[in-house]
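Open the model in your viewer and keep the selection box handy. We will go from stop to stop, with something to select at each one.

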Amino acid sequence: MKNLLSAIVLLLFMTTCGNKQTNPSVSDGDGASNEVAFEIAKNYFYKNNPKGLPASPKITSEKVFNELFGMATTMGENGKPTEIDFTKQFVLAIVLPTTNIETEVNPVKVEKKGDSLLYAFEVKKGEKQTYSIKPISIIILDKKYENKKVVLEGEQEITYFSAIDRYLVEEIGRHYAQGEHCVPLRNIVAVDESNTEDILVWGDFWVFNYNQAGDTLKCVSGGDHPGLMHLRQTEKGYEVTAFDQVADGSGFLPSAKKIFGDKYDAFRTINSDDVAREKLRAEGLAEYVQQKGLAATLYQDYGWPAKELK
């Protein structure tokens with residue numbers, strides 16, 4: 001019954017948010033800043049993903065979109081899901097963690113500024129409910145903006161990923177030899193959001209410290225920290241309340257099996273794939289360089305040739 005009520009409330013919310021936003025163009029002179037028109041997609045729901053929320057709001061592929069979202073067709077003239085043509089369009093999707101607090105995600109505007117799209121939205125919260133929902137918002141944009149970097153300008157921290165990254169830098173990274181840049185990386189195995197006061201995130205978490213020499217990020221220190229993160233939502237966002245780490249040495253196997261439980265095989269698959277792990281590190285470093293605006297094109301471990309950042 002609770003699941004039925006949750007679905008009904010979610011459908012009613014999405015149905016009322018199906019109008020098109022036609023934002024007038026504005027220019028700030030040399031900054032070349034303009035508002036971008038978008039359309040709100042209605043009658044979709046987020047499928048449960050064992051790895052948790054999407055890492056990025058930008059979705060440019062119909063295949064990826066269908067893996068994350070399903071159609072919630074209802075009766076009536078406005079009951080059909082908004083059509084999305086990925087040959088001409090792409091979407092920005094905000095998906096919040098499961099909550100029992102009445103929550104709405106309302107798009108405000110999308111603004112083009114240089115090589116970036118600034119996406120401003122509001123998160124409105126109401127009363128505590130007797131059931132849980134997963135608030136979502138999907139907007140559709142013209143494909144000509146697809147290659148631009150998306151910068152979210154929400155009122156609060158919207159996912160727990162940033163809280164995990166902050167914990168890795170502040171609590172784990174400080175125990176290593178320091179560098180100019182501390183880069184957190186995560187490979188999520190599974191997420192359990194059933195208890196909003198104790199969100200569980202199993203994963204393989206890494207921290208690397210780098211110094212920049214010319215166009216190269218040179219690794220100073222770093223390490224791998226698999227385990228289980230415990231998080232809770234606060235008024236300001238999310239915070240890590242505890243971290244159950246897998247032990248080193250002879251304690252690795254028994255502690256990993258205990259912490260990951262029935263997810264142990266999935267953990268070992270990603271933890272033992274060196275090629276995939278290196279690819280993930282390169283992608284994470286490239287994203288960090290882009291976010292920080294660094295003039296770096298290579299990264300290098302001590303004693304190894306430099307590799308290209310793509």
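A polar contact here is a pair of N or O atoms within 3.5 Å, and within protein one must be able to donate a hydrogen and the other to accept it. With that in hand, select Ser255, whose side chain reaches the backbone oxygen of Phe252 at 3.1 Å. Ser255 lies in helix H4, residues 252–260. Is Ser255 buried or exposed? Its relative accessible area is 16%, and because buried means under 20%, Ser255 counts as buried. Leaving out residues up to four places away in sequence, Ser255 touches Val246 and Ala247.

Now zoom out for the whole picture. Please keep in mind that this is a predicted model. The secondary structure comes to six helices and 17 strands. Of the 310 residues in the protein, 45% are buried. Take the contacts between residues at least 6 apart in sequence: 67% of them join residues at least 24 apart.

Next, select residues 161–172, which form helix H3. This helix has twelve residues and spans 15 Å from first C-alpha to last, close to the 16 Å expected at 1.5 Å a residue. Colour its buried residues: Phe161, Ala163, Ile164, Asp165, Leu168 and Ile172. What do they pack against? Show strands S12 (181–192), S13 (199–213), S14 (216–234) and S15 (237–245), and you have the partners of those buried residues.

Stay here for the largest nonpolar core, which has 34 residues. Select Phe65, Phe69, Ile138, Tyr160, Val201, Met229 and Leu231, the members that touch the most other members. H3 gives the most to this core, with five residues. Centre the view on Val201 and display its surroundings: beyond its neighbours within four places in sequence, Val201 is in contact with Tyr160, Ile164, Ile188, Ala190, Val191, Gly227, Leu228, Met229 and Leu231. Another core, of 16 residues, lies apart from the one with 34; to find it, select Phe38, Ile94, Val105 and Ile139, which are among its members.

Time for the rings. How many aromatic pairs does a search of the whole structure find? The search finds 14. One of them joins Phe208 and Tyr210, a tilted pair at 6.3 Å centre to centre with 45° between the planes. Both of these residues are buried. Then compare Phe260 and Phe267, a stacked pair whose centres are 4.2 Å apart and whose planes are 10° apart. Phe260 is buried at 1% relative accessible area, and Phe267 is buried at 0%. For a cluster, select Tyr44, Tyr46, Phe65, Phe69 and Phe86 together.

Two lysines are worth a stop while the rings are on display. Select Lys263 and Trp202: the charged end of Lys263 sits over the ring, 4.1 Å from its centre. Then pick Lys257, which lies over the face of Tyr264 at 5.8 Å from the ring centre.

For the last stop, select Thr60, in the loop between strand S5 (58–59) and helix H2 (62–68). Thr60 is partly exposed, with 33% relative accessibility. Draw a distance from its C-alpha to that of Leu92: the two residues are 32 apart in sequence and 8.8 Å apart in space. Which residues does Thr60 touch, not counting those up to four places away in sequence? Add Phe86, Phe90, Lys143 and Glu146 to the selection to see them.

Technical notes. Residues are numbered from 1 along each chain as its sequence is written. This is a predicted model: local features need pLDDT of at least 70, side-chain atom pairs count only at pLDDT 80 or more; totals for chains, interfaces and linings use all residues. Side-chain values use heavy atoms; hydrogens and water are left out. Helices (H or I, at least four residues) and strands (E, at least two) are DSSP runs, numbered from the N terminus. The expected span of a helix is 1.5 Å times one less than its number of residues. Buried means under 20% relative accessible area, exposed over 50%, partly exposed in between (1.4 Å probe, protein chains only). Contact means heavy atoms within 4.5 Å. Rings of Phe, Tyr and Trp (its six-membered ring) pair if their centres lie within 6.5 Å; planes under 30 degrees apart count as stacked, over 60 as edge-to-face and the rest as tilted. A charge sits over a ring if NZ of Lys or CZ of Arg is within 6 Å of the ring centre and within 35 degrees of the ring normal. A nonpolar core is a set of buried Ala, Val, Leu, Ile, Met, Phe, Trp, Tyr and Cys residues joined through side-chain atoms within 4.5 Å.
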